[in-house]
Amino acid sequence: MAEWQSEAIEFNKLYAKSWEHKIPYFGKVLSEGLERRENGALAYADGLEGKTVLDLGCGVGRFAVRAAMAGATVYGHDI
């Protein structure tokens, strides 16, 4: 877990340099959109207990962590 956390921190530092974070309004819109889609996907996949989830393009793993907390076995992949 510690290795994942350190990689997530480094990813966030790199992502913080992206254009969305240089223009606060767009960063807020993007963040809200991601959260809405994440919540929708979790609602659609109701009852993840014992299921396997593949999170492609997982970034720092926000969705993957929430799916794991819901009882799924999660595999995340990102470049």
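**Salt bridges, core and strands in a predicted model**

The structure holds 2 salt bridges, a salt bridge being a side-chain nitrogen of Lys or Arg within 4 Å of a carboxyl oxygen of Asp or Glu. This is a predicted model, in which local features need pLDDT of at least 70 and side-chain atom pairs count only at pLDDT 80 or more, while totals for chains, interfaces and linings use all residues. Residues are numbered from 1 along each chain as its sequence is written, and side-chain values use heavy atoms, with hydrogens and water left out.

First, the overall layout. The protein chain has 4 helices and 2 strands; helices (H or I, at least four residues) and strands (E, at least two) are DSSP runs, numbered from the N terminus. Going along the sequence, the pattern reads α-α-α-β-α-β. The chain counts 79 residues, and 20% of them are buried. Here buried stands for under 20% relative accessible area, exposed for over 50%, and partly exposed for what lies in between (1.4 Å probe, protein chains only). The accessible surface of the protein chain is about 6,200 Å², with 61% of that belonging to carbon and sulfur atoms; accessible areas come from the Shrake-Rupley method with a 1.4 Å probe, and for residues only the protein chains shown count as cover. As for contacts (heavy atoms within 4.5 Å), take those between residues at least 6 apart in sequence: 27% of them join residues at least 24 apart.

Back to the charged residues. Side chains of opposite charge can pair when their charged atoms come close. One such pair is R62 with E38, whose closest N and O atoms are 3.2 Å apart. R62 belongs to helix α4 (residues 62-69) and E38 to helix α3, so this salt bridge ties together parts that are 24 residues apart in sequence. E38 also meets R66 in a salt bridge, at 2.6 Å from N to O. R66 lies in helix α4 and E38 in helix α3, so here the parts tied together are 28 residues apart in sequence. Put together, E38, R62 and R66 form a linked network of salt bridges. What about cover? E38 counts as buried because its relative accessibility is 10%, whereas R62, at 40%, is partly exposed, and R66, at 34%, is partly exposed too. Leaving out residues up to four places away in sequence, E38 touches R62, F63 and R66.

Helix α3 has other residues to look at. E35 is found in helix α3 and counts as partly exposed because its relative accessibility is 41%. The C-alpha atoms of E35 and F63 are 9.1 Å apart, with their positions 28 residues apart along the chain. Y25 also lies in helix α3, which covers residues 24-44. With a relative accessible area of 59%, Y25 is exposed. Together with I23 and V29, Y25 makes a nonpolar surface patch of about 300 Å². Patches are made of residues with over 30% relative accessible area and no salt bridge, with like charges joined within 9 Å and nonpolar side chains (Val, Leu, Ile, Met, Phe, Trp, Tyr) within 5 Å.

Now for the inside. In soluble globular proteins, nonpolar side chains tend to be buried together. The largest nonpolar core has 5 residues in all, namely L42, L48, V53, A67 and A72; a nonpolar core is a set of buried Ala, Val, Leu, Ile, Met, Phe, Trp, Tyr and Cys residues joined through side-chain atoms within 4.5 Å. Apart from neighbours within four places in sequence, L48 is in contact with L42, V53, A67, A70, G71 and A72.

That leaves the strands. Strand β1 (residues 52-56) has V53 and D55 on its covered face, with T52, L54 and L56 on the uncovered one. β1 pairs with strand β2 (residues 73-77) in the parallel sense over 5 bridges; two strands pair if DSSP finds at least two bridges between them. D55 has G76 as its bridge partner in β2. V74 is placed in strand β2 and, with a relative accessible area of 24%, is partly exposed. From C-alpha to C-alpha, V74 and L54 are 6.0 Å apart in space, though 20 residues apart in sequence. Neighbours within four places in sequence aside, V74 is in contact with V53, A64, A67 and A68.
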